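Here is a short briefing to read alongside the model. Keep the viewer open and follow the topics in whichever order suits you.

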Amino acid sequence: MLNLGFIRSSACRFSHFIISHSSSPSCFSFSPKQTITFGLRSQMGSFTTLSQSSSRLLFRQLFENESCTYTYLLADSSHPDKPALLIDPVDRTVDRDLNLVRELGLKLIYAMNTHVHADHITGTSLIKGKVPGVKSVISKASGSKADVFVEPGDKISFGNLFLEVRATPGHTVGCVTYVTGDGPDQPQPRMAFTGDALLIRGCGRTDFQGGSSEQLYKSVHSQIFTLPKETLLYPGHDYKGYTVTTVGEEMIYNLRLTKDEETFRSIMQSKSCSTNSVYKKKQEISIYGWFRIAGSNLSSAFVGATDLNLAYPDMIDVALPANMVCGLQD
Ligand SMILES: N[C@@H](CCC(=O)N[C@@H](CSS)C(=O)NCC(=O)O)C(=O)O
């Protein structure tokens, strides 16, 4: 076990936040241990929680209109430094997000991605350029560049709060879900940031970047649906106006993931993609070579698209290569 912990200077002015790395994900249990005294909901998508202990989560759900992407801001507002992190920031909305961080008096320490996005460019590298000291975070399995690579079972600390890393591949090879901690001082109910593994009533497509319907089905069922039913699920996108769901709700109403595995795979698998567009896409992707970087199999990944009638994301050819290097362009 690697546990580098959290160190504060004697003057309490500088903080050093490091990932705790456990070789055994099973060392975290998922039974609720704490009662919320009350929760304050000031507006949709934002709240702070007060527990019986002193830790308080400040939370904001932010939306980027063009790609329908959610960015999440989390901070430990009861800590003197108010350490904060952003999950899935988008380049186009970095200034808005950083302005909010500033207005709330937070100290941003991590800019994190749930996966290598195909439909927009991550804001990670822009943030690093604007806020010295911020570290970019992504899964090791993504094959992307970042300052910190996380693996299943890792804990990402911000003040006295932490996120646990769960591997949820299937939409892409390196997708992870970040789940708020289990234990005293951690928010209740737990919250899971699912990226594109699980969308509200749906799930991420599985037809590029090492995607696999088999993996997606297994990872959602073993890593998300095993969380307590009241766990709040926050997706990476929503195209219908939803903001949040719960494990219990998705186990009943998810239109794809409630099916048996065979039906799920047939929903996700190819039927309708035209040969020409597949061939064209193969050529473009070969030029960038990102598929090899991600350790995926180009030919199998593009044997057809899904039968979900989803066009390839408009920005895929720009976004994937940029996001493999943390959002850097050029
Ligand atoms: N039209 C959008 C892309 C829409 C899309 O494909 N969304 C992805 C997640 S972003 S790669 C997805 O998995 N959707 C699943 C679904 O059921 O909607 C664009 O051009 O950007």
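Pro-235 is buried in this predicted model, because 26 other C-beta atoms lie within 10 Å of its own, and the cut-off for buried is 20 or more. Its place is in strand 19. The rest of this briefing works outward from there, topic by topic.

**Around strand 19**

- Setting aside neighbours within four places in sequence, Pro-235 is in contact with Tyr-70, Thr-194, Leu-198, Leu-199 and Ile-200.
- Pro-235 and Ala-197 are 38 residues apart along the chain, and their C-alpha atoms are separated by 8.0 Å.
- Thr-231 sits in the loop between helix 3 and strand 19, the latter spanning 232-235.
- Thr-231 counts as buried because it has 23 C-beta neighbours inside 10 Å.
- Beyond its neighbours within four places in sequence, Thr-231 is in contact with Pro-189, Arg-190, Met-191, Ala-192, Thr-246 and Val-247.
- The C-alpha atoms of Thr-231 and Gln-209 are separated by 29 Å, with these positions 22 residues apart along the chain.

**Helix 3 and the loop before it**

- Helix 3 covers residues 213-224, which makes twelve residues.
- From its first C-alpha to its last, helix 3 reaches 16 Å, close to the 16 Å expected at 1.5 Å a residue.
- The buried residues of helix 3 are Ser-213, Gln-215, Leu-216, Tyr-217, Ser-219, Val-220, Gln-223 and Ile-224.
- Gln-209 is found in the loop between strand 18 (202-203) and helix 3.
- Although Gln-209 is not a glycine, its phi is positive, at about 50 degrees.
- Is Gln-209 buried or exposed? Gln-209 counts as buried, because 27 C-beta neighbours lie inside 10 Å.

**The loop between strands 15 and 16**

- Strand 15 (176-180) and strand 16 (191-195) are joined by a loop that holds Pro-189; Asp-185 is also in this loop, as is Gln-186.
- The peptide bond from Gln-188 to Pro-189 is cis, with omega near -5 degrees.
- Asp-185 is not a glycine, yet it has a positive phi of about 80 degrees.
- Asp-185 counts as partly exposed because it has 19 C-beta neighbours inside 10 Å.
- Gln-186, by contrast, is buried, since 24 other C-beta atoms lie within 10 Å.
- Gln-186 and Leu-57 are 129 residues apart along the chain, with their C-alpha atoms separated by 8.2 Å.

**Nonpolar cores**

- In soluble globular proteins, nonpolar side chains tend to be buried together.
- The largest nonpolar core here has 58 residues, of which Ala-84, Leu-85 and Tyr-110 touch the most other members.
- Which residues is Ala-84 in contact with, leaving aside its neighbours within four places in sequence? They are Leu-73, Leu-74, Ala-75, Val-101, Leu-106, Lys-107, Leu-108, Ile-109 and Phe-158.
- A second, separate core has eight residues, including Val-116, Ala-319, Ala-322 and Met-324.
- Ala-319 lies in helix 9, which spans residues 316-323.
- Ala-319 is buried because 21 other C-beta atoms lie within 10 Å.
- Its contacts, apart from neighbours within four places in sequence, are His-117, Ala-118, Asp-119, His-120 and Ile-121.
- Ala-319 and His-117 are 202 residues apart in sequence, but 6.7 Å apart in space from C-alpha to C-alpha.

**The ligand shell**

- There are 14 residues around the ligand, and Asp-119, Gly-204, Arg-205, Pro-313 and Asp-314 come nearest.
- By class, this shell has six nonpolar, four polar and four charged residues.
- Asp-119 links two topics, as one of the nearest residues to the ligand and as a contact of Ala-319.

**The chain as a whole**

- The protein chain has nine helices and 20 strands.
- Of its 330 residues, 48% count as buried.
- Among contacts in the protein chain with a separation of 6 or more, 62% come from residues 24 or more positions apart.
- An unreviewed UniProt entry carries the annotation "domain: Metallo-beta-lactamase" for residues 68-237.
- Over residues 68-237, the chain is 17% helix and 33% strand.
- The end C-alpha atoms of that same stretch, residues 68-237, are 6 Å apart.

Key: Residues are numbered from 1 along each chain as its sequence is written. This is a predicted model: local features need pLDDT of at least 70, side-chain atom pairs count only at pLDDT 80 or more; totals for chains, interfaces and linings use all residues. A residue is near a molecule or strand if its C-beta atom, placed from the backbone, lies within 6 Å of it. Ala, Val, Leu, Ile, Met, Phe, Trp, Tyr, Cys and Pro count as nonpolar, Asp, Glu, Lys and Arg as charged, and the others, Gly among them, as polar. A nonpolar core is a set of buried Ala, Val, Leu, Ile, Met, Phe, Trp, Tyr and Cys residues joined through C-beta atoms within 7 Å. A residue is buried if 20 or more other C-beta atoms lie within 10 Å of its own, exposed if 12 or fewer, and partly exposed in between; C-beta atoms are placed from the backbone. Two residues are in contact if their C-beta atoms, placed from the backbone, lie within 7 Å. UniProt positions are given in the numbering used here, feature names are shortened, and annotations may be inferred rather than shown by experiment. Helices (H or I, at least four residues) and strands (E, at least two) are DSSP runs, numbered from the N terminus. The expected span of a helix is 1.5 Å times one less than its number of residues.
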